[in-house]
Amino acid sequence: MASFATLVKSILNRLSPCDYPVLNSQLFFKIWLTYVLDQGLTSMRALFYRLNHAGITVDMSTFSKANKTRTTSLFEGIYTQLMSQAQKRHRTSSMTLFPIDSTIITLTSKLFWFYKYHQVKLLTGFDLTENIIGKAVISFGERHDLSFQEEILEMISENTVVIMDRGFASWQFLERLSERKCSFVVRIKNNMRMKLNHERYRVVQFFDENQTEFRIATNLKELSDEEVSELYRQRWAIENLWKFLKMHLSLDKLITKSLNGVINQIYMVLIAYLILELVEIPEYFGKKLLDKLRYLQLELSRRCSIVHWSFDWQPELLVT
């Protein structure tokens, strides 16, 4: 665990402060982080109104052009490094529950419609042991969840129980998971032909409090039907993740009108989530992610932006 200043400074040290004359990579990152963490900012115009009136002279058009032309590998690399950092923390369980799911972000700009894109899909897994997000897959267009089989198989590590909803269910995919000795708990569609006596997995049936039928395929032979149904209920954690990212980190409030820009924003949201997971704040503010976010927003309100806050730990930037 580290303070916000220490954590962000370690990220900035990996970025160049002089690779571009006006909007270098460090400043680019800090502007994006300001938008994602500050819920008071609802548009790019509002973001740059604040920055420009507080002495940051970067134009909104420069920021837009940077999002359109610069490679997305910059933020992807930061996300991968933070994810590895989070995974190194001590695990309290030998078995990891790993729900995998996707969420859709609507593209409202007609500039995307020109490319026949009306939505972008974010697919990832969520480690319930460490409360961290796994590898992210970003796809434009209306691609079905089942078409991500290769990407899903790459996400799954040893000693992991994959939990998925019926959008990922097919007997062929379950066969692939079984062949790779991946443990799974997958809800299957009610109209799928049952394979109750399959040698590799079994199907568990149960009803919830609303009398909705659930059919769960699993290869965890040592667990009872009740334990399997309880494991599937843990999948709801990833739905709460989507809710948090959209409500508090602006995942569905896209401010760019380029494909690269959308990818940058999505990765920046994921980076902000991992920062919240890794950061340490005074105990009296609380320990939940929302407590940490409120603390950072309070500090942001005092300092205007991450750009201005960084002057506290990068005083050399004040030298003209």
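The questions and answers below look at helix packing, aromatic rings and a few single residues in a predicted model.

Reader: At roughly what angle do the axes of helix α2 and helix α4 cross, and what word describes that arrangement?

Author: Helix α2 covers residues 25-37 and helix α4 covers residues 60-69, and their axes come within 12 Å. The axes cross at roughly 105 degrees, and angles of 65 to 115 degrees count as roughly perpendicular. Therefore α2 stands to α4 as roughly perpendicular.

Reader: Which residues of α2 and α4 meet, and how many of the residues in the contact are nonpolar, polar and charged?

Author: On the α2 side the residues are F28, I31 and W32, and they meet F63, A66 and N67 of α4. Sorted by class, this contact of α2 with α4 has no charged residues, one polar residue and, as the nonpolar count, five.

Reader: How many aromatic pairs does a search of the whole structure find, and is the pair of F28 and F63 stacked, edge-to-face or tilted?

Author: Across the whole structure the search finds 18 aromatic pairs. In the pair of F28 and F63, the ring centres are 5.5 Å apart and the planes stand at 55 degrees. Planes under 30 degrees apart count as stacked and those over 60 as edge-to-face, so the pair of F28 and F63 is tilted.

Reader: How many residues apart in sequence are the parts that F28 and F63 tie together, and are F28 and F63 buried or exposed?

Author: Because F28 lies in helix α2 and F63 in helix α4, the pair ties together parts that are 35 residues apart in sequence. Buried means under 20% relative accessible area; F28 has 2% relative accessibility, and F63 has 0%. Both values fall under that cut-off, so F28 and F63 count as buried.

Reader: Which residue has its charged end over the ring of F28, and which aromatic cluster includes F28?

Author: A charged end sits over the ring of F28, 5.1 Å from its centre, and it belongs to R70. As for the cluster, F28 forms one together with F29, W32, Y35, F48, F63 and F75.

Reader: Where do Y79 and Y267 lie, and how many residues apart are they?

Author: The rings of Y79 and Y267 have their centres 5.8 Å apart and their planes at 50 degrees, so this pair is tilted. Y79 lies in helix α5 (residues 73-87) and Y267 in helix α11 (residues 259-278), and the pair links distant parts of the chain, with a separation in sequence of 188 residues.

Reader: Is S178 buried or exposed, and which residues does it touch, not counting residues up to four places away in sequence?

Author: S178 is found in helix α8, which covers residues 171-179. Its relative accessibility is 11%, so S178 counts as buried. Leaving out residues up to four places away in sequence, S178 touches F184, R200, Y201 and N219.

Reader: Q211 and S250 each have a positive phi in a residue other than glycine, so which is buried and which is exposed?

Author: Q211, with phi near 65 degrees, lies in the loop between β7 and β8, whereas S250, with phi near 60 degrees, lies in the loop between α10 and α11. The relative accessibility of Q211 is 59%, and that of S250 is 5%. Exposed means over 50% and buried under 20%, so Q211 counts as exposed and S250 as buried.

Methods:
Residues numbered from 1 in each chain as written. Predicted model: local features only at pLDDT ≥ 70, side-chain atom pairs only at ≥ 80, totals over all residues. Heavy atoms only, no water. Axes fitted to C-alpha atoms, helices over the stretch in contact; angles between N-to-C directions. Helix = DSSP H or I, 4+ residues; strand = E, 2+ residues; numbered from the N terminus. Parallel < 35°, antiparallel > 145°, perpendicular 65-115°, else oblique. Contact = heavy atoms within 4.5 Å. Nonpolar A, V, L, I, M, F, W, Y, C, P; charged D, E, K, R; others polar. Phe/Tyr/Trp six-rings, centres within 6.5 Å; stacked < 30°, edge-to-face > 60°. Buried < 20%, exposed > 50% of the residue type's maximum accessible area, 1.4 Å probe, protein only. Lys NZ or Arg CZ within 6 Å of the ring centre and 35° of its normal.
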